[in-house]
Amino acid sequence: MLDGSDGYVTEDGRKIGAVVMEMKNITLRFGGVVAIENISFDIREGEIRAIIGPNGAGKSSMLNVISGFYIPQEGEVWFHGAKRPPMKPFEVARQGIARTFQNIALFEGMSVLDNVMTGRLTHMTAGIPAQALWKGRAEAEEVANREVAEKIIDFLEIQHIRKTPVARLPYGLKKRVELARALAAEPRLLLLDEPMAGMNVEEKEDMCRFILDVNDEFGTTIALIEHDMGVVMDLSDRVVVMDYGKKIGDGTPDEVRSNQEVIDAYLGVSHD
Ligand SMILES: Nc1ncnc2c1ncn2[C@@H]1O[C@H](COP(=O)(O)OP(=O)(O)OP(=O)(O)O)[C@@H](O)[C@H]1O
């Protein structure tokens, strides 16, 4: 239940903190197509926040605005109490926002460990000149980055494939490696674009467990797009519902489940 600006307590007793991200009156157009029309919502510290809606509703566009891939024509993005100026994706990443993609975007020829290490790039301060001049510092940084990567690999139970080239992995494991790479950045906000898409029931159950564990163990705030309503209702604390670029619902899973506009636009039809 919402209890003012400091946060709220979930039904299962988890404490959700203050607002960390605020999207204010966001409008995004592609030529004549209005992908997002005047949408506002917030994300609170420690929350699992879902964005749902039919195909083409504007969900991925919204995630792309949060991660800096798209700059909206109108509206403001606030992160940790500061209005964000237009930024490049790598600058957004440096602020502590990491993401996974709808279609897996890994380096297929590289090992799992090396892919996870690329998630540490935003934390690497020693550039090539510094590495040449201060070899010790670069080595110490490399060791520290490796430790974080190995910790994440253990956490997501992919130690047995750490040396395996990604191309050789089944789909469900590739999705888990993508999650590992995003987590290696130690994000304050983790964005997941359809983390269960294309998975079988067992893979979905595993992914759900890992998402909950990440939220619980690391306290990571998570925003996710997902079409599987069972998953959304089980995982999320609050849900934003989009349709044709507009926000048609926002609230707890129970609240959106009983919202007639949401039922008519989305929940009343099958989404598999
Ligand atoms: N780069 C782009 N250029 C032009 N139009 C785009 C672009 N990206 C998205 N759109 C359009 O914006 C609208 C919203 O698309 P978006 O991909 O955000 O929806 P979505 O809810 O994520 O859909 P899905 O569930 O199918 O992934 C659609 O009409 C889409 O065609």
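**Exercise 1. Strand 9**

Task: In this predicted model, work out which residues of strand 9 point one way and which point the other way, and decide whether these residues are buried or exposed.

Solution. Begin with the directions of the side chains: Leu189, Leu191 and Asp193 point one way from strand 9, whereas Leu190 and Leu192 point the other way. Next, consider the burial, for which the cut-off is 20 or more other C-beta atoms within 10 Å of the residue's own. By this test, all of the residues on both sides of strand 9 are buried. Finally, put this together for the whole strand, which covers residues 189-193: five of the five residues are buried, so strand 9 is largely enclosed by the rest of the structure.

**Exercise 2. The partners of strand 9**

Task: Find how many bridges join strand 9 to strand 8 and how many join strand 9 to strand 10, and then name the residues that pair with Leu192.

Solution. Take strand 8 (residues 97-100) to begin with, which runs parallel to strand 9 and is joined to it by four bridges. On the side of strand 10 (residues 221-225), the strands again run parallel, and five bridges join strand 9 to strand 10. Now follow Leu192 in both directions: Thr100 stands opposite Leu192, while in strand 10 the bridge partner of Leu192 is Leu224.

**Exercise 3. The sheet of six strands**

Task: Give the order of the strands in the open sheet of six strands, and state which strands stand at its edges.

Solution. Reading across the sheet, the order is 8-9-10-5-11-12, and the pairing is mixed. The edge strands are strand 8 and strand 12 (246-251), each of which pairs on one side only. Neighbouring strands of this sheet are turned against each other by 15° on average, if direction is ignored. At the end of the order that holds strand 12, five bridges join this strand to strand 11 (residues 238-243), and the two run antiparallel. Within this pair, Val241 stands opposite Gly249 in strand 12. Helix 6 packs on the sheet, where it touches strand 8 and strand 9, and the direction of helix 6 makes about 170° with that of strand 8.

**Exercise 4. The sheet of four strands**

Task: Describe the open sheet of four strands by its order and pairing, and explain why one side of strand 4 and of strand 7 is left without a neighbour in the sheet.

Solution. The order of this sheet is 4-3-6-7, and its pairing is antiparallel. Strand 4 (33-44) and strand 7 (82-83) stand at the edges and have a single partner strand each, so one side of each is left without a neighbour in the sheet. Strand 3 (residues 19-30) is joined to strand 4 by eight bridges; in this pair, the bridge partner of Ile26 is Ile39, and Leu28 stands opposite Ile36. The hairpin of strand 3 and strand 4 has two residues between the strands, and in it Gly31 takes a positive phi near 55°. Strand 3 is also joined to strand 6 by five bridges, again antiparallel, and there the bridge partner of Thr27 is Glu74.

**Exercise 5. Helix 1**

Task: Decide whether helix 1 is mostly covered, by asking how many of its residues are buried.

Solution. Seven of the eight residues of helix 1 are buried, and the helix is therefore mostly covered by the cut-off used above. The buried residues are Lys59, Ser61, Met62, Leu63, Asn64, Val65 and Ile66. Helix 1 is followed by Gly68, whose phi is positive, near 85°.

**Exercise 6. The core and the two domains**

Task: Determine which residues touch the most other members of the largest nonpolar core, and explain why this core lies between the domains.

Solution. The core has 63 residues, and among these Val116 and Ala180 touch the most other members. Helix 6 (residues 171-184) gives the most to the core, with six residues. Both domain 1 (1-96 + 189-272) and domain 2 (105-186) give residues to the core, so it lies between them. To see one member closely, leave aside the neighbours of Val116 within four places in sequence; Val116 is then in contact with Ala149, Ile152, Ile153, Val177, Ala180, Arg181 and Ala184. As a last step, turn to the domains themselves, whose centres, taken over C-alpha atoms, are separated by 26 Å. Their contact takes 10 residues from domain 1 and 10 residues from domain 2.

Note on methods: Residues are numbered from 1 along each chain as its sequence is written. This is a predicted model: local features need pLDDT of at least 70, side-chain atom pairs count only at pLDDT 80 or more; totals for chains, interfaces and linings use all residues. A nonpolar core is a set of buried Ala, Val, Leu, Ile, Met, Phe, Trp, Tyr and Cys residues joined through C-beta atoms within 7 Å. A residue is buried if 20 or more other C-beta atoms lie within 10 Å of its own, exposed if 12 or fewer, and partly exposed in between; C-beta atoms are placed from the backbone. Domain bounds come from an automatic or database domain assignment. Two residues are in contact if their C-beta atoms, placed from the backbone, lie within 7 Å. Two strands pair if DSSP finds at least two bridges between them. Axes are lines fitted to C-alpha atoms, for helices over the stretch in contact, and angles run from 0 to 180 degrees between N-to-C directions.
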